[in-house]
Amino acid sequence: MEPSGVQVKKAARFDSLPMIRFFGHILTSLGSKVLIALSGLGLAGFVVFHMLGNLQVFEGQDALNAYAAFLRDMPMALWSARVALLAIVGLHIGLSVRLAIQNRRARPAGYVVHHYRRASLASRTMALTGSLLVLFIVFHLVHLTAGWLDPEFHNRVDLRGQRDVFGNIVHAFQNPLLVAIYLAGQAVLGLHLSHALSSSLQTLGLEHPMLDRLFRGAGPLVALLVVVGNVAIILAIAFGLVHA
Amino acid sequence: MTFTLKIWRQNGPADKGRLVTYQVRDISPSMSFIEMLDVVNQQLTLKGEEPLAFEYDCREGICGSCSLVIDGVPHGPDRGTVCQLYMRRFPDGATITIEPWRAKAFPIIKDLVVDRSAFDRIMQAGGYISVNTGGAVDGNVLLIGKDQAETAMDAASCISCGACVAACKNASAMLFVAAKVSHLALLPQGQPERTKRAKAMVAAMDREGFGSCGNQYECEAVCPKSISVRFIAKLNREFLRATIEEPSPLAEQPADPHDESH
């Protein structure tokens, strides 16, 4: 079927705008994947620094509360970072859901028998772990950032008049239910990260005969470091090694 | 040898399709999987039933026609084509499930035969090079380094069988497109269309309804030609390069006097 001449002209002129053409490339499957990879790497970077910052629990009450006060003393930077993170999360989830729907459509009728030969557990559960991660992050924000679960404890101050983040965390992880939820959250985060990081390097086209092992190992390694760091905090408090 | 076969039967594109169980006896261990299906078809013909439709051609693993998912793995348990798979690979008395490639872009024509012309349309979009007509160019006029030629040949060994699509959770054609784009991008003859090719073939791949790559590398695990997923990274690079290196005129182009819109 030949489209009419007028339509062809319009399409051609539309396509000649460089910006439109550029976004056209971004909305291809590969372009979307590149954006998902970049936003994911940004979020992974945040998760790593979040873990490193939290490790100050082991330096005691003063250190952690001073760190929290330091962050809250820069409201512009803090809120810019929060808005940027939210935008990155939105982009990451939006494009992923769009691709996931396209991927489902790419195989309307599945196999009666199907065996994976190589795919890791993490790679097969990215949509599930991603969705669970959203739930966990919402819970975490409600619990420790907004403090809606325990408002009275959340607004306590330490002897220096700073918000007692340390006391709040120690109080939280003495509750076995919260410990269980946070450990489960870490398991989900670890699974998601272990596939995601190496996968995003491949999506960005990073490949080299001598560095392939590094690229493929980077995901599981970073995931392990993040999970070990975070779990150490949770368990140290749960077992009373760190106490108020 | 004796086998119980569960084979996907589907009368046509509109039919719903179902697995039908067949018993086969007196199969020689030296028979290839395709020859075993020939025996099934002889039995079906003698009984007056409709024989199985399945694809094969060269029977030596180079044409890419044979396309069966055997026990949930494209081309079966070994990393080769179905025609090079022998019945001795299966234990006597085994139950074997045989299905067609499954992807929206590969609609089933009948039984185990799917329409793979989506791959042809992707090739038409950019899997070509421009050559001048006239006398043949002297050999070795264009020097190509040995390692470069070998890497290009690794990619060029793709036989377009579509096992990568069949194995992929998302029915993605990335390994196929990656092999074709890489093959031509690695050679000097492929340079004139290099930028256009990466974008055109990726767009064609999306248009055909293939999914996107989840980097699970199931494709590499079933590829009968052992095409490496490192070519997928190469395709990603080619695509990024093409997006950034958008060729645009540096000077304002004069308006086309024959354009009807002004």
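Biologist: Before counting elements, what counts as a helix or a strand here?

Modeller: The model is a predicted one. Helices are DSSP runs of H or I with at least four residues. Strands are DSSP runs of E with at least two.

Biologist: With that settled, how many helices and strands does chain B have?

Modeller: The C-alpha trace of chain B spans about 75 × 50 × 40 Å along its principal axes. Of its 262 residues, 43% count as buried. The secondary structure of chain B amounts to 8 helices and 7 strands.

Biologist: Which residue of β5(B) stands opposite Ile7(B)?

Modeller: Strand β1 of chain B covers residues 3-9, and β5 of chain B covers residues 95-99. The two pair in the parallel sense over 4 bridges. Opposite Ile7(B) in β5(B) stands Ile98(B).

Biologist: And in β5(B), which residue is the bridge partner of Val69(B)?

Modeller: Val69(B) belongs to strand β3 of chain B, residues 69-70. β3 and β5(B) run antiparallel and are joined by 2 bridges. The partner of Val69(B) is Glu99(B).

Biologist: What separation is there between the centres of domain 1 and domain 2 of chain B?

Modeller: The domain assignment gives chain B a domain 1 of residues 3-110 and a domain 2 of residues 117-130 + 144-244. In contact are 18 residues of domain 1 and 16 residues of domain 2. The domain 1 side of that contact has 9 nonpolar, 6 polar and 3 charged residues. Taken over C-alpha atoms, the centres are separated by 28 Å.

Biologist: Where does the largest nonpolar core lie?

Modeller: This core has 79 residues, and among those with the most contacts inside it are Cys164(B) and Leu175(B). Its largest share, 9 residues, comes from helix α5 of chain B, residues 174-185. Domain 1 and domain 2 of chain B both contribute residues, so the core lies between them.

Biologist: Which Trp does Val165(B) touch, not counting residues up to four places away in sequence?

Modeller: Val165(B) is one of the residues with the most contacts inside the core. The residues it touches include Phe106(B), Phe176(B) and Phe210(B). The Trp among them is Trp101(B).

Biologist: Turning to the two chains, how many nonpolar residues are on the side of chain A that touches chain B?

Modeller: Contact is made by 36 residues of chain A and 41 residues of chain B. On chain A, α2 (18-26), α3 (29-54), α5 (75-105) and α10 (176-203) each supply at least two residues of that side. By class the side has 8 charged and 13 polar residues, and the nonpolar ones number 15.

How values were computed:
Residues are numbered from 1 along each chain as its sequence is written. Chains are lettered from A and ligands numbered from 1 in the order in which they are written. This is a predicted model: local features need pLDDT of at least 70, side-chain atom pairs count only at pLDDT 80 or more; totals for chains, interfaces and linings use all residues. Two residues are in contact if their C-beta atoms, placed from the backbone, lie within 7 Å. Ala, Val, Leu, Ile, Met, Phe, Trp, Tyr, Cys and Pro count as nonpolar, Asp, Glu, Lys and Arg as charged, and the others, Gly among them, as polar. Domain bounds come from an automatic or database domain assignment. Two strands pair if DSSP finds at least two bridges between them. A residue is buried if 20 or more other C-beta atoms lie within 10 Å of its own, exposed if 12 or fewer, and partly exposed in between; C-beta atoms are placed from the backbone. A nonpolar core is a set of buried Ala, Val, Leu, Ile, Met, Phe, Trp, Tyr and Cys residues joined through C-beta atoms within 7 Å.
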